[in-house]
Amino acid sequence: MTVLPLVFDAPRRAKPPRHLADLTREEARDAVAELGQPAFRADQLARHFYAGVTDPAQMTDLPAAVREDLTAALLPGLLTPVRHQSADGGRTRKTLWRLHDGALVESVLMRYPERATVCISSQAGCGMACPFCATGQSGLTRNLSAAEIIGQAVAAAAAMANGEIPGGPGRLSNVVFMGMGEPLANYARVRKTLDALLTPAPHGLGLSQRSVTVSTVGLVPAIRRLTDEGLNVTLAVSLHAPDDELRDTLVPINTRWKVGEVLGAADDYARRTGRRYSVEYALIRDVNDQPFRADLLGKLLKSRLAHVNLIPLNPTPGSPWDASPIPAQREFVARLRAAGVPTTVRDTRGSDIDGACGQLAAADGIEDTVEGVPSIAVPVPAVEEGVALGAESDQG
Ligand code: SAH
């Protein structure tokens with residue numbers, strides 16, 4: 001297996017065209033005014049965007065003469081669906097999206113009896129180089145803009161509302177940042193996305209804080225920054241090993257921030273919010289699933305405000321590893337529970353369409369499928385500053 005370098009600075013690429021979802025409400029009103037329209041049209045556009053309306057003809061509260069212009073100027077289509085793949089009788093749907101510059105990302109919508117969750121991508125590729133993760137092995141292409149991230153959630157909300165997923169029209173209730181990318185390495189845009197998810201309709205998706213989960217490899221300065229924001233979204237930490245020696249190899253960022261530091265930052269988040277965080281742990285046969293590691297993890301977490309989410313490893317191309325056998329999983333769970341640590345085993349929805357955790361790679365053989373997808377003819381603004389880990393500019 002090749003060992004990839006850690007990449008913090010996203011490659012400089014052309015920015016996506018301007019989109020309302022990247023702007024503050026004030027900026028959007030100014031932009032509309034510059035086009036010679038009353039500022040309140042910005043609110044009308046926002047309402048259409050968050051309701052998933054993309055066809056200008058349906059925006060009947062806008063004068064017909066300006067619908068096309070306003071939409072082109074502030075609601076350009078940033079995400080072009082290349083294909084949908086379904087599993088679980090249609091209740092799990094993975095969508096491959098093509099971005100303005102040809103970059104590809106995926107999102108996965110999962111409908112359960114009592115909730116509907118979309119797993120969204122925050123970067124095209126990922127720079128964190130975890131060897132068991134397909135995205136980590138593909139490297140980082142670029143950060144997504146806020147509008148590109150928000151657009152995935154809006155599309156999922158619209159798919160639910162329009163009854164595209166079996167079970168009749170429904171409501172998107174949960175968003176998890178567990179698709180491609182490391183959300184806290186794209187901090188400013190993820191922060192903006194959180195605002196859009198949490199702002200009540202019609203100016204956002206109106207989700208509750210606890211139903212939004214930010215999952216991180218453990219970028220300590222960024223966890224601390226998130227703690228200072230005063231939000232109460234759910235924090236998930238991808239631990240995968242209780243000891244630094246093993247974690248250094250499974251989650252390479254551990255060479256920079258150790259297990260103790262990551263859990264310390266998560267503890268402070270839990271203290272501030274009063275909410276448990278999740279510890280994600282992919283169970284990999286004979287790598288991190290030994291009984292002694294369960295005991296070590298139990299000891300590490302028993303006095304913390306954390307619960308463990310075990311994920312039987314999903315296979316990825318090129319990786320020699322596979323999931324722990326069921327008896328080893330049971331033993332691991334039993335030992336954690338015996339230590340007093342709340343533990344659940346995650347279901348692996350979508351694994352047959354490579355839509356499960358760590359299987360999103362967006363690479364295989366799609367060249368044919370994207371043929372004929374119109375490229376967007378827009379002037380491309382200057383590139384943005386590279387992103388310094390955990391402290392990037394707030395532009396974007
Ligand atoms: N970069 C973020 C979010 C994306 S991954 C993070 O690492 O948390 C979402 C979750 O899937 C993480 O816990 C990740 O470690 C886990 N994961 C990655 N590859 C996996 C695989 N092959 N099998 C099971 N879980 C995996």
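Helices and strands are named here as DSSP runs, helices having at least four residues and strands at least two, and they are numbered from the N terminus. The model is a predicted one.

**Exercise 1. Determine which elements line the largest pocket and describe the character of that lining.**

Solution. Begin with the space itself, for which the computed volume of the largest pocket is about 780 Å³. Next, turn to its walls: 36 residues line this pocket, and T54, G77, L79, W97 and A155 are the ones nearest its centre. Then assign the lining to secondary structure, where at least two residues each come from the helices α3 (64–74) and α5 (146–161) and from the strands β1 (80–87), β2 (92–98) and β3 (104–111). Among the contributors, α5 gives the most, with eight residues. Finally, sort the lining by class, which yields 22 nonpolar, twelve polar and two charged residues.

**Exercise 2. Establish how many cavities of 30 Å³ or more the model contains, and what surrounds the largest cavity.**

Solution. The count for cavities of 30 Å³ or more comes to one, and the largest cavity encloses about 460 Å³ of space. Its lining is made up of 29 residues, with F132, C133, S238, H240 and G358 closest to the centre. Mapping the lining of the largest cavity onto secondary structure, one finds that α4 (134–138), β8 (212–216), β10 (277–283) and β11 (306–312) each provide at least two residues. By class, the lining of this cavity comprises 16 nonpolar, ten polar and three charged residues.

**Exercise 3. Locate the ligand and work out which protein atoms make polar contacts with it.**

Solution. First place the ligand: the space that it takes is the largest cavity. Second, list its neighbours, of which there are 20, with F132, S215, S238, H240 and N314 coming nearest. Sorted by class, this shell holds nine nonpolar, nine polar and two charged residues. Third, apply the cut-off for a polar contact, a pair of N or O atoms within 3.5 Å. In the side chain of H240, an N or O atom is 2.5 Å from an oxygen atom of the ligand; for N314, a backbone N or O atom lies 2.9 Å from a ligand nitrogen; and in the side chain of E182, an N or O atom is 3.1 Å from a nitrogen atom of the ligand. Last, consider burial: the ligand taken alone exposes 520 Å², and the protein buries 97% of that area.

**Exercise 4. Find where in the chain A129 and P202 lie, and describe the backbone feature of each.**

Solution. Start with A129, which is found in the loop between β5 (123–125) and α4. Phi of A129 is near 60 degrees, a positive value in a residue other than glycine. Continue to P202, which lies in the loop between α6 (187–198) and β8. The peptide bond that joins A201 and P202 is cis, with omega about 5 degrees.

Note on methods. Residues are numbered from 1 along each chain as its sequence is written. This is a predicted model: local features need pLDDT of at least 70, side-chain atom pairs count only at pLDDT 80 or more; totals for chains, interfaces and linings use all residues. Side-chain values use heavy atoms; hydrogens and water are left out. A residue is near a molecule or strand if one of its heavy atoms lies within 4 Å of it. A polar contact is a pair of N or O atoms within 3.5 Å; within protein, one must be able to donate a hydrogen and the other to accept it, and residues adjacent in sequence count only if both atoms are side-chain atoms. Accessible areas come from the Shrake-Rupley method with a 1.4 Å probe; for residues, only the protein chains shown count as cover. On a 1 Å grid over the protein atoms alone, a cavity is a set of points where a 1.4 Å probe fits but cannot get out, and a pocket is an open set with protein on both sides within 12 Å along at least five of seven lines; lining residues have an atom within 4 Å of a point. A molecule sits in a cavity or pocket if more than half of its atoms lie within 2 Å of its grid points. Ala, Val, Leu, Ile, Met, Phe, Trp, Tyr, Cys and Pro count as nonpolar, Asp, Glu, Lys and Arg as charged, and the others, Gly among them, as polar. Grid points are joined across faces, edges and corners, and a volume is the space filled by probe spheres set on the points.
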